[in-house]
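I opened a fresh page today to look up pockets, a cavity, a small sheet and a few single residues. Here is what I had on screen.

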Amino acid sequence: MAKESDGFVRAIARGFATVEALGKAPGRHTLSEVAASAGLSRATARRMLATLVVMKYCEVDGRYFSLRPRALGLGLSYLNALPYWGYAQRALEDLRNETGESCALAVLDETEIVYALRLPARRILSANLAVGSRLPAHVVSLGRVLLAALPDDKRADYLATTDFQPITARTVTDRAKFERELERVDREGYGWVDGELDPAICGIAVPVRDHNGRVVAAISVNTISGTLSEAEAKEKYLVPLRRTAQDIRTQASQAG
C-alpha cells in the first residue's frame with residue numbers, strides 16, 4: 001500500500017483492498033479468505049463487504065461473497081478516461097488485419113505493464129492475457145518502450161530497486177545490460193524482446209505519444225519466436241506500428 005498522507009482515507013483504501021481481494025481469483029470467497037487476501041481483520045473485512053453489498057458491487061450467498069457486474073465499471077472508468085482508447089481499438093484492429101499477428105496496447109504501472117487493449121491472432125497461444133492483465137515490464141517489448149520513456153530520475157529509481165528475476169533462460173537479468181538496452185530503445189524508438197517472458201513468443205513495440213509529445217502508452221506486434229529476426233521484425237512491422245501510433249495520437253488530439 002502507498003505511503004499514507006495527511007489526506008489519506010483509510011476506509012476507502014480498505015474498501016478498494018476488499019474489491020481487489022474479491023477479484024484476485026475466480027469464484028466465490030469466504031469472509032476469512034477475503035480478510036486474509038486484503039490484509040484486514042475479519043471484523044473490518046465484514047464491514048467492507050457489507051458496504052459493497054449495499055452498493056451492489058458485491059453479492060453474498062450464504063457464507064460466500066463474489067463481485068457483481070457493477071464492479072467492472074471501476075476498470076472501465078479508467079479506460080474511458082484515456083483520450084486515445086476509443087481510437088486505439090479501431091487502429092489496433094486495422095494493425096492486426098494488416099500484420100496477421102497479435103497486437104496490444106499497454107500502460108506502465110510502476111514495475112508492471114497493464115494491458116489496456118489486446119487483440120490476439122489465432123496462431124498465438126496466449127489466451128490468458130486480456131485487458132487488465134499485468135506483466136513484469138522488463139520482459140516484454142511494451143515494457144521496454146515505457147521504461148525507456150521515463151524521466152531520468154524515475155528510470156534510475158527503477159533500475160536501482162527492481163529485482164530482475166529470470167523468467168526464461170533468455171531473460172536479461174544483468175542491471176547494466178538492461179540499462180544499456182533502455183538507452184538503445186530510447187535512442188532508436190522501438191523495443192524488441194524475444195523469448196524473455198515466453199520462449200515461444202517475440203514482440204516489437206513503439207511508443208504512443210500525446211499532443212505534447214509525452215509517451216502515454218505503447219503498442220506492439222507479437223509473433224512466434226524463431227519465425228523472424230529482430231532486423232526482419234523491424235523491416236516488416238516498424239512502419240505499420242509507427243503509422244498506427246501516429247494515427248492514434250492524431251485522432252486523440254483532434255478530438256481533444
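My entries follow, one topic at a time.

**Entry 1: what I am looking at**

I note at the start that this is a predicted model. I therefore leaned on local features only where pLDDT is at least 70, and on side-chain atom pairs only at pLDDT 80 or more.

**Entry 2: the largest pocket**

I began with open space. How much space lies in the largest pocket? I got about 1,100 Å³. The lining counts 25 residues, and the closest to the pocket centre are Glu20, Ala71, Leu74, Gly75 and Gly132.

Next I looked up which elements supply the lining. Helix 1 (10-23), helix 4 (72-81), strand 4 (102-109) and strand 5 (112-119) each bring at least two residues. Helix 4 gives the most, with 6 residues. By class I wrote down 17 nonpolar, 3 polar and 5 charged residues for this lining.

**Entry 3: the second largest pocket**

I went on to the second largest pocket, which holds about 460 Å³ of space. It is lined by 18 residues, and Leu108, Leu146, Leu150, Arg214 and Val215 are the closest to its centre. Strand 4, helix 7 (152-161) and strand 9 each give two or more residues to this lining. I noted that strand 4 also serves the largest pocket, where it supplies at least two residues.

Which classes make up the second lining? I found 13 nonpolar residues, 5 charged and no polar ones.

**Entry 4: the closed space**

I then asked for enclosed space. How many cavities of 30 Å³ or more does the structure hold? The search returned 1. The volume of the largest cavity is about 40 Å³.

Its lining is made of Trp192, Cys202, Gly203, Ile204, Val221, Asn222, Thr223, Leu228, Ala233 and Tyr237. Strand 8 (201-209), strand 9 (215-224) and helix 9 (230-255) are the elements with two or more residues there. Sorted by class, the cavity lining has 7 nonpolar and 3 polar residues, with no charged ones. Strand 9 is thus on two of my lists: it gives two or more residues to the cavity lining, and two or more to the lining of the second largest pocket.

**Entry 5: a small sheet**

I turned to an open sheet of 3 strands, with order 1-3-2 and antiparallel pairing. Which strands are at the edges? They are strand 1 (29-30) and strand 2 (58-61), each of which pairs on one side only.

I checked both pairings. Strand 2 and strand 3 (residues 64-67) run antiparallel and are joined by 4 bridges. Strand 1 pairs with strand 3 over 2 bridges, also in the antiparallel sense.

Phe65 in strand 3 came up twice: Val60 stands opposite Phe65, and so does His29. Asp61 has Tyr64 of strand 3 as its bridge partner. In the hairpin of strand 2 and strand 3, there are 2 residues between the strands, and Gly62 takes a positive phi near 70 degrees.

**Entry 6: cysteines**

I looked for disulfides and the count came to 0. Cys103 is in no disulfide; its nearest cysteine sulfur belongs to Cys202 and is 13 Å away. For a bond I would need the two sulfurs within 2.5 Å.

Are these cysteines buried or exposed? Cys103 is buried, because its relative accessible area is 1%, under the 20% limit. Cys58 is buried as well, since its relative accessibility is 1%.

**Entry 7: helix 6 and Ile113**

How many residues of helix 6 (residues 141-148) are buried? I counted 8 of its 8, and the helix is mostly covered. The buried residues are Ser141, Leu142, Gly143, Arg144, Val145, Leu146, Leu147 and Ala148.

My last stop was Ile113, which is found in strand 5. I call Ile113 buried because its relative accessibility is 0%. Leaving aside neighbours within four places in sequence, Ile113 is in contact with Ala106, Val107, Ser133, Arg134, Leu135, Ala137, Val140, Leu142, Gly143 and Leu146. Among these partners, Leu142, Gly143 and Leu146 are buried residues of helix 6.

I also took down one distance: Ile113 and Ser133 are 20 residues apart in sequence, and their C-alpha atoms are 8.2 Å apart in space.

Terms used
Residues are numbered from 1 along each chain as its sequence is written. Side-chain values use heavy atoms; hydrogens and water are left out. On a 1 Å grid over the protein atoms alone, a cavity is a set of points where a 1.4 Å probe fits but cannot get out, and a pocket is an open set with protein on both sides within 12 Å along at least five of seven lines; lining residues have an atom within 4 Å of a point. Grid points are joined across faces, edges and corners, and a volume is the space filled by probe spheres set on the points. Ala, Val, Leu, Ile, Met, Phe, Trp, Tyr, Cys and Pro count as nonpolar, Asp, Glu, Lys and Arg as charged, and the others, Gly among them, as polar. Buried means under 20% relative accessible area, exposed over 50%, partly exposed in between (1.4 Å probe, protein chains only). Two strands pair if DSSP finds at least two bridges between them. Contact means heavy atoms within 4.5 Å.
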